[in-house]
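Welcome! Please take a moment with the sequence and the 3D view, and then let us walk through them together.

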Amino acid sequence: MGMVRSIREKKRLALTKKRILITGGAGFIGSHVVRRFVTLYPDYQIYNLDKLTYAGNLENLLDVEAADNYEFIKGDIVDRSYVNSLFADLKFDHVIHLAAESHVDRSIESPMEFIETNIIGTVNLLEAARMNWGDNEAECLFYHVSTDEVYGSLEQGELFVESTSYDPRSPYSASKASSDHLVRAYHNTYGLPVVISNCSNNYGSHQFPEKLIPLVLNNIKNEMEIPVYGKGENVRDWLFVEDHAGAIDVIFHNGQRGETYNVGGSNEWKNIDLINVMCNIMDEKMGRAKGESAKLITFVKDRAGHDLRYAIDSSKLQRDLKWKPSLQFEEGLAKTVDWYLANEKWMNSVTSGSYNDYYEKQYGDSR
Ligand code: NAD
Ligand code: TYD
């Protein structure tokens, strides 16, 4: 009898745990969010749903893959009946949605994948949540992780606030804007409990080297040209990825249903200045003469429709939910450089195979 009760008790406990579906957990930001939730919250059951596209990599999660409260599920959010059946089977009561096609240059080259994953994939999750949550909705949350790029491009002196009008200008940002609108529509129309955050550019460990910082570090290390789009005058607001994961944690637990929170580093850099800083750090780390790495800087054809400047005002998040970035940029960048230098195997594995084809296509004839 005692045995029977304890199994029943176990089942009951498993069902009373928060059952959180994290999508895109094998990607850059998603892997930091999964790691944080699995390690900080042993009482939550974390399911990581990821298609493992070129950007998804289970090596990002080796340190948590054996945890009792973690399960990986390989699957595609674009497959509607699959997503529905997963919700019906596993009874998720919370979603943290990060799965997306995330690179602007790829969206210029092939927009349809962005429409499918970022828009259709998001609606599939919203529908599954709406159908499955029913009367339990008060206990549930659909957290949509988005980008500041939905707001468009800024002139000097302005900042994005939560009420800034949407003005997306690339297929990537338009697809994310569309998904944000749909999430809000499900809140307004069906009362689905949602929260959205729009974050600035992230940097840190495990970022795929199609994005500026890991691409530049990898090229410097291998003494390859550093491709700078246009004149290098575009400005981005950089946030350490673990600080973004911390913001997602705070918003997940304390964010108001139906609200949007901007997340950013108040840390603006012109691309060319940031690249020069990385060159200097790498000269030191690689034991090269000062100025050696900067010789690799090569100005190439500008990105089509290249947004000039992004900069976030995160005062709502700081004021209402008491979040603030934990690291100074210098410290975060030094940590990041050290991680890439110490993880050559990771870099070699993600840059083998299809990366070379991508690189050739993107940069082969860009001058
Ligand atoms: P990423 O490209 O590194 O990872 C995306 C993950 O989603 C990958 O693991 C991939 O396999 C998975 N995925 C893609 N299509 C899928 C599909 N159809 N079904 C299931 N899984 C799929 O992206 P990231 O940089 O970690 O960004 C994560 C989220 O954060 C995205 O929604 C992005 O828009 C948003 N965001 C990113 C940044 C940034 O600076 N990187 C800033 C703000 C917001
Ligand atoms: P990226 O990391 O692609 O992020 P996003 O475009 O989403 O902000 O690019 C950051 C900035 O760096 C952006 O202004 C484009 C620029 N950039 C280059 O100059 N060269 C490159 O090879 C890449 C990938 C980006």
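Which residues does Lys211 touch, not counting residues up to four places away in sequence? They are Ser102 and His103. Please keep in mind that this is a predicted model. Lys211 itself is placed in the loop between S7 and H7. Is this lysine, Lys211, buried or exposed? Lys211 counts as buried, because its relative accessibility is 19% and the cut-off for buried is under 20%.

**Around the ligand**

Ser102, one of the two residues touched by Lys211, brings us to ligand 1. Ser102 is among the closest of the 29 residues that surround this ligand, together with Ile29, Asp50, Tyr172 and Lys176. Three side chains place a polar atom at a short listed distance from ligand 1:

| Side chain | Ligand 1 atom | Distance |
|---|---|---|
| Thr117 | nitrogen | 3.1 Å |
| Tyr172 | oxygen | 2.7 Å |
| Lys176 | oxygen | 2.7 Å |

Taken alone, ligand 1 exposes 840 Å², and the protein buries 97% of that area. The elements giving two or more residues to the shell around ligand 1 are helix H2 (28-40), strand S5 (141-147), helix H6 (171-190) and strand S7 (201-203). S5 gives the most, with three residues. Sorted by class, the shell holds 13 nonpolar, 12 polar and four charged residues.

**The nonpolar cores**

Now let us turn to the inside of the protein. The largest nonpolar core has 35 residues, and those with the most contacts inside it are Ile213, Ile226, Leu274, Ile275 and Met278. Several elements supply at least two residues each to this core, including helix H7 (212-221), strand S8 (226-229), strand S9 (235-240) and helix H9 (271-285). Further along the chain, strand S12 (297-300), helix H11 (329-342), helix H12 (344-350) and helix H13 (354-363) do so as well. H9 gives the most to this core, with seven residues.

Ile275 is a good residue to click on here. Leaving aside its neighbours within four places in sequence, Ile275 is in contact with Leu212, Val216, Ile226, Val228 and Ile297. Apart from the largest core lies another one, of 30 residues, among them Ile46, Ala247, Tyr261 and Val263.

One of the contacts of Ile275 is Val216, so where does Val216 sit, and is Val216 buried or exposed? Val216 is in helix H7, and Val216 counts as buried because its relative accessibility is 0%. Beyond residues up to four places away in sequence, Val216 touches Ile226, Ile275 and Met278. By contrast, Asp249 is 33 residues from Val216 along the chain, and their C-alpha atoms are separated by 30 Å.

**A contact at an exposed serine**

Our last stop is Ser326, in the loop between helix H10 (315-321) and H11. Ser326 has a relative accessible area of 58%, so Ser326 is exposed, as the cut-off for that is over 50%. Which residue does the side chain of Ser326 meet in a polar contact? The partner is the side chain of Asp243, at 2.8 Å. Ser326 and Asp243 are 83 residues apart along the chain, yet their C-alpha atoms are separated by 6.4 Å.

Definitions and conventions:
Residues numbered from 1 in each chain as written. Chains lettered and ligands numbered in written order. Predicted model: local features only at pLDDT ≥ 70, side-chain atom pairs only at ≥ 80, totals over all residues. Heavy atoms only, no water. Core = buried A, V, L, I, M, F, W, Y, C linked by side-chain atoms within 4.5 Å. Buried < 20%, exposed > 50% of the residue type's maximum accessible area, 1.4 Å probe, protein only. Helix = DSSP H or I, 4+ residues; strand = E, 2+ residues; numbered from the N terminus. Contact = heavy atoms within 4.5 Å. Near = heavy atom within 4 Å. Polar contact = N/O pair within 3.5 Å; in protein donor to acceptor, adjacent residues only side chain to side chain. Areas by Shrake-Rupley, 256 points an atom, 1.4 Å probe, with all protein chains shown as cover. Nonpolar A, V, L, I, M, F, W, Y, C, P; charged D, E, K, R; others polar.
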